[in-house]
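Reader: Could you walk me through this structure, starting with how its sheets are put together and then turning to its pockets and cavities?

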Amino acid sequence: MARRVLVAEFMHETNTFSVQLTGEEAFRSSGVYLGNEIPPAFRGTRTSMGAAFEAADKFGWSVTHPLVAGANPSGRVTKAAFELFAGHILASCDGVDGVLLHLHGAMATETSDDGEGELLARIRAKVGEAVPVVAVLDLHATLTQLMADSANALISYRTYPHIDQYERTWQAAELLQKAMDGTITPVCTVARRPILYALDGGRTTSPPFKELLRRGDALEAAGDALVVSAQAGFSSADVHDIGPSIAVTANDRAKAQAIAEELMDYAWEQRRFSSIHFAPLAEAMAKAKAGEDKPGKPLVISDYSDNPGSGAYGDATNLLRAVLAAGLQNVGFHAIRDAEAVLQAQAAGVGNDVTLELGGKVDPTVGGGPLEITGCVVAITDGHFIAYGPMGGGAWRNYGLSALIRVEGVEIIVISHNGQATDLAQFTSLGVDPTRKSTLIVKSMQHFRAAFEPIAREVVEVDTGALSTRNFKERPYKKVRRPIFPLDDI
């Protein structure tokens, strides 16, 4: 008889400093799939769900697939939204032989700082101790003891930019199959230290993370662990369990815990390492200006602190203001999130000029307030397109009604649904060829690199003082455990 396996995805990375709650509509804007809507949307894609369905075919599983839902990082998930989407998963737990989940690992709700821990604990209560539960997590998960206690295995991405969700889900599926066969009896352990931020923010190309991955590979190859996962944690969450962690899955709990502690000792030793260097805005503008008459690849300027992928509002204007003041030419800018401005551009019509108070509306005190511009409406789209880049996997994206507005030599993309720049189609879907620009502006910390670094002559990072600024000591942390590095001198 075919084993019955529950497969589901419920994703949110919560910036608890955001003033915007994340309700049902935010998930629906990004994409919610229920039941029979799921297979045709994800089969054949290099996504987590694509891998899950391929594994089901290989192992002969009978799959119940109640939910695929995710929202762009933002403020706390409302209680109503959490109960709604968690309810779809919990209602499908009866009679299953295994559970395979794709979660973020840094969800906080109105009532809990540990959304995934709460979900996994409820699932465990429904399915019982004998049913293996395996979850794939984001590398930036805030991994808690409750999550480890409620799951048999937690497997995090090993790349940042995150381009291995497909591979990690295959790994999780193979482990789940062995657990259901009874050839392994996996348990999960977690270790952490008093660190708020380290491991270079999770940059897997940096020495500390590369070393942790190397050691994890060796431990798995030697049979000392089934899975070794390193998590950088999510620093924009004011929660007790903030910070990096090591999760080890093995058949022996004591051995797994010892391995996790040893690897976490190394993370503690490397806590001061950083490869991130910000250029002053004036320096970045001068570099862009100097390269305008040089044919070839564009300069890519990354706005680190207004990264929608970390829950920033995506409407900060400090960088755009500097670009316009510098008179830069042949610039592509992604993006300003401002649904109101997009509607005004639509009303003006393609080919016509429009004057807007653009951006800076969610919280003008961080990253710059509204900026008055007058420009030509070049294009309007519904914001739907397929992302075929390294992070896209051939899946649909939806940024809502979107506009391209040309202000002198700057083409500004304005979107209704927030999201960071991770795919070239975010430009090409609005008629902009990013390879022919002298300068590209992207709001992203690191994920942009997968698609944009290959076409760039150079990458420059700036911190414009928006919500996700790296100046941790200016953030109003209240719940994090103290003392903790780098807030305290440990």
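Author: Before the sheets, one term is needed: two strands count as paired if DSSP finds at least two bridges between them. Please also keep in mind that this is a predicted model.

Reader: Fine, so in what order do the eight strands of the open sheet come?
Author: The order is E13-E14-E17-E18-E12-E19-E11-E20, and the pairing within this open sheet is mixed. Strand E13 (353-358) and strand E20 (458-462) stand at the edges with a single partner strand each, so one side of each has no neighbour in the sheet. From one strand to the next, the twist averages 30°.

Reader: How many bridges hold E13 to E14?
Author: There are six bridges between E13 and E14, which pair in the antiparallel sense. To give one residue pair, glutamate 357 has glutamate 372 in E14 as its bridge partner.

Reader: And along E13, which side chains are buried?
Author: The side chains of E13 alternate, with Val354, Leu356 and Leu358 pointing to one face, where they are buried, while Asp353, Thr355 and Glu357 point to the other face and are not buried. Glu357 is thus a residue of the face that is not buried, and its bridge partner in E14 is glutamate 372.

Reader: What about the next pair along, E14 and E17?
Author: Strand E14 (residues 371-381) and strand E17 (residues 402-407) are also joined in the antiparallel sense, over five bridges, and in E17 leucine 404 is the bridge partner of alanine 379.

Reader: Which strands does helix H10 lie across?
Author: Helix H10 (residues 281-290) lies across strand E11 (299-303), strand E19 (439-442) and E20, and its direction runs at about 160° to E11.

Reader: Now the three-strand sheet: what is its order?
Author: Its order is E8-E10-E9, an open sheet with antiparallel pairing. Strand E8 (187-191) and E9 are the edge strands, each pairing on one side only. Neighbouring strands here are turned by 15° against each other on average, if direction is ignored.

Reader: How many bridges join E8 to E10, and what packs on that sheet?
Author: E8 and strand E10 (residues 245-250) run antiparallel and are joined by five bridges, and valine 190 has alanine 247 in E10 as its bridge partner. Helix H8 packs on this sheet, where it touches E9 and E10, and its direction makes about 165° with that of E9.

Reader: Changing topic, how many cavities of 30 Å³ or more are there?
Author: A search of the whole structure finds three of them, and the largest has a volume of about 40 Å³. Its lining consists of Arg158, Leu212, Leu213, Gly216, Val228, Ser229 and Ala230. Helix H8 (207-221) and strand E9 (227-231) are the elements that give two or more residues to that lining, and H8 also touches E9 where the helix packs on the sheet.

Reader: How does that lining divide by class?
Author: Four of its residues are nonpolar, two are polar and one is charged.

Reader: And the second largest pocket, how much space does it hold and what lines it?
Author: About 320 Å³ of space lies in it, and 17 residues line it, with Ala26, Arg337, Ser416, His417 and Asn418 lying nearest its centre. Helix H1 (residues 24-30) gives the most to this lining, with four residues.

Reader: How many of those lining residues are polar?
Author: The lining of the second largest pocket has 11 polar residues, along with four nonpolar and two charged ones.

How values were computed: Residues numbered from 1 in each chain as written. Predicted model: local features only at pLDDT ≥ 70, side-chain atom pairs only at ≥ 80, totals over all residues. Heavy atoms only, no water. 1 Å grid on protein atoms, 1.4 Å probe; cavity = no way out; pocket = protein on both sides within 12 Å on 5 of 7 lines; lining within 4 Å. Points joined across faces, edges and corners; volume = space filled by probe spheres on them. Nonpolar A, V, L, I, M, F, W, Y, C, P; charged D, E, K, R; others polar. Axes fitted to C-alpha atoms, helices over the stretch in contact; angles between N-to-C directions. Contact = heavy atoms within 4.5 Å. Buried < 20%, exposed > 50% of the residue type's maximum accessible area, 1.4 Å probe, protein only.
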